Structure formats: C-alpha cells, structure tokens
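Here are some exercises on charged pairs and a nonpolar core, each with a worked solution. Have the chain in view and take the steps one at a time.

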Amino acid sequence: MPMVASGLVQQDEVQRRVERVGALFARDPNIVRIEHRIAPDWSGDYSIFVDVILRQATPPASVVAQISDRIGAALLQVLRSEELGMHAYLNLVSRPSNGR
C-alpha cells in the first residue's frame, strides 16, 4: 500500500500553520507576504515550499540573513512540517523593482 504524506491529506492544517507564521511577520517592514505551495522536491517527496516575498528588490545581505534566521526558526516552531510527513523549504523572493 503506497504511503502518502499526511500534509497532502491535511492541506487545511498546512494552510493554518503557514498563516500563523505569516501573522508573526505581518508587521515586518521587509516582508510583503508569505506564500506556500505543496509540490515534489528534488527527490520526488512532497514538500512544503514557503516563499517569503521581500519588499526590496535587492535587500542588504544583513537583512536577508536576519530574515532567513527568524523565518527558519518560526518554520521549525510553528509549521513543524515533519509532523505532517513533509520537508519544508524556505525561499526568499526579491520583489521586482516594478513592484509586481
């Protein structure tokens, strides 16, 4: 019998957890929003890809490091993707200079 990651079955729970992470950073002036998608990773395992949309097109390295540390800690504490049988990947996405 094939095994399915529980996160695929519990997508509402994944959504709630990502929203909680987003709420933690709602007032951060460097972050526009936090999005996610569930898709296979490089190994074919379904994973949660968390995209943090940054306000600046080219933020300073110190800002990127600080945001990635803080978001990474929040993913471990709030998202807890391992409980759902999935890996989590963090992507910091620079906002294009045209604002899209």
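**Exercise 1.** Find where R17 and E13 lie, and how many residues apart they are.

*Solution.*
Step 1. Look at helix α2, residues 11-24: both R17 and E13 lie there. Helices here are DSSP runs of H or I with at least four residues, strands are runs of E with at least two, and both are numbered from the N terminus.
Step 2. Count along the chain: the two residues are 4 apart, about one turn of the helix.
Step 3. Check the pairing: R17 and E13 form a salt bridge, with their closest N and O atoms 2.8 Å apart. The term means a side-chain nitrogen of Lys or Arg within 4 Å of a carboxyl oxygen of Asp or Glu.

Before you go on, note that this is a predicted model, where local features need pLDDT of at least 70 and side-chain atom pairs count only at pLDDT 80 or more, while totals for chains, interfaces and linings use all residues. Residues are numbered from 1 along each chain as its sequence is written, and side-chain values use heavy atoms, leaving out hydrogens and water.

**Exercise 2.** Which distant parts of the chain does the pair R17 and E83 link?

*Solution.*
Step 1. Start with the atoms: the closest N and O of R17 and E83 are 3.1 Å apart, in a salt bridge.
Step 2. Place the partners: R17 is in helix α2, while E83 is in the loop between α3 (61-79) and β3 (87-94), 66 residues apart.
Step 3. Compare accessibility, using a 1.4 Å probe and protein chains only: buried is under 20% relative accessible area, exposed is over 50%, and partly exposed is in between. R17 is buried at 7%, whereas E83 is partly exposed at 48%.

**Exercise 3.** Follow E83 to R80, then name the network.

*Solution.*
Step 1. R80 and E83 meet in a salt bridge of 2.9 Å, N to O.
Step 2. R80 is partly exposed, with 28% relative accessibility.
Step 3. Through shared partners, salt bridges join E13, R16, R17, R20, R80 and E83 into one network. The structure holds 8 salt bridges.
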